[in-house]
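Trainee: Please take me through one part of this model at close range: how its later strands pair, and what sits beside them. I'd enjoy one connected account.

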Amino acid sequence: MNKEDFRTQIKGSPKVKQLLDYLIMNQRDARPRWYIRLLAPLYQHRGKGSKIYGSVRMDTPPYRRFALGQHSVVESYSCINNAVGDVVIGDHTRIGIHNTIIGPVTIGNHVNLAQGITVTALNHNFDDTTKRIDEQGIATKPVVISDDVWIGANAVILPGVTIGRHVVVAAGAVVTKDVPDNTIVGGVPATIIKKL
């Protein structure tokens, strides 16, 4: 049985999934238990010449996919979280210092993320005013960052956004909607500053 068949089988059995989730994830800390983190090299895909610095928090349980392409780097103090969706990072891509990536997120090839960036596909539900927010669960909308993108320091990429090819996102921008190819965007919320 391959990994995808195993994941599909687990998703089809809620009781088994709940038991495995308890055994794998520390519910209080919302991260994989220490013994799962020791096994991470066995289930994470890391391409040839790639590097993940020791201070990176890898919240990557084995029931979701994490892949880092060839010659890509995840720099110090970043957090990669695939607990609610796969995180796939392409080749020759740099995830800068102190970035947070919460899946499902796909990042292309030759992408540069500067420092302090948040890329999140997760949002908390909050519409029911009769319940606390933490009782209402979460929703995810995949984020896609295409090839040849540069994202400036402290930018935020929100759920459901697709960033096209050859795009520059200015420092401090909050990207709330799709960005077309060959553009520079900036501001809160981000808008097109220039077409390339």
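Mentor: Happy to! Two strands count as paired here if DSSP finds at least two bridges between them. Keep in mind that this is a predicted model. With that rule, start at β23, residues 183-186, which has partners in both β21 and β24. Four bridges tie β23 to β24 (residues 191-195), and these two strands run antiparallel. Within that pair, Thr183 faces Lys195 of β24. The hairpin that β23 and β24 make has four residues between its strands, and Gly187 there adopts a positive phi near 100°. Towards β21 (residues 167-169) the arrangement is parallel, with two bridges, and Val169 lies opposite Val185 of β23.

Now step back along the chain to the open sheet. Its six strands follow the order β5-β8-β11-β14-β19-β22, with parallel pairing. Because β5 (57-59) and β22 (174-175) stand at the edges with a single partner strand each, one side of each has no neighbour in the sheet. For β22, two bridges make the link to β19 (residues 156-157), running parallel, and Ile157 has Val175 as its bridge partner.

Follow the chain on from β19 and you reach Pro159, in the loop between β19 and β20 (162-163). Beyond its neighbours within four places in sequence, Pro159 contacts Thr120, Ala121, Leu122, Asn123, Lys141 and Val143. Val119 is 40 residues away from Pro159 along the chain, yet their C-alpha atoms are 8.0 Å apart.

Methods. Residues numbered from 1 in each chain as written. Predicted model: local features only at pLDDT ≥ 70, side-chain atom pairs only at ≥ 80, totals over all residues. Heavy atoms only, no water. Contact = heavy atoms within 4.5 Å.
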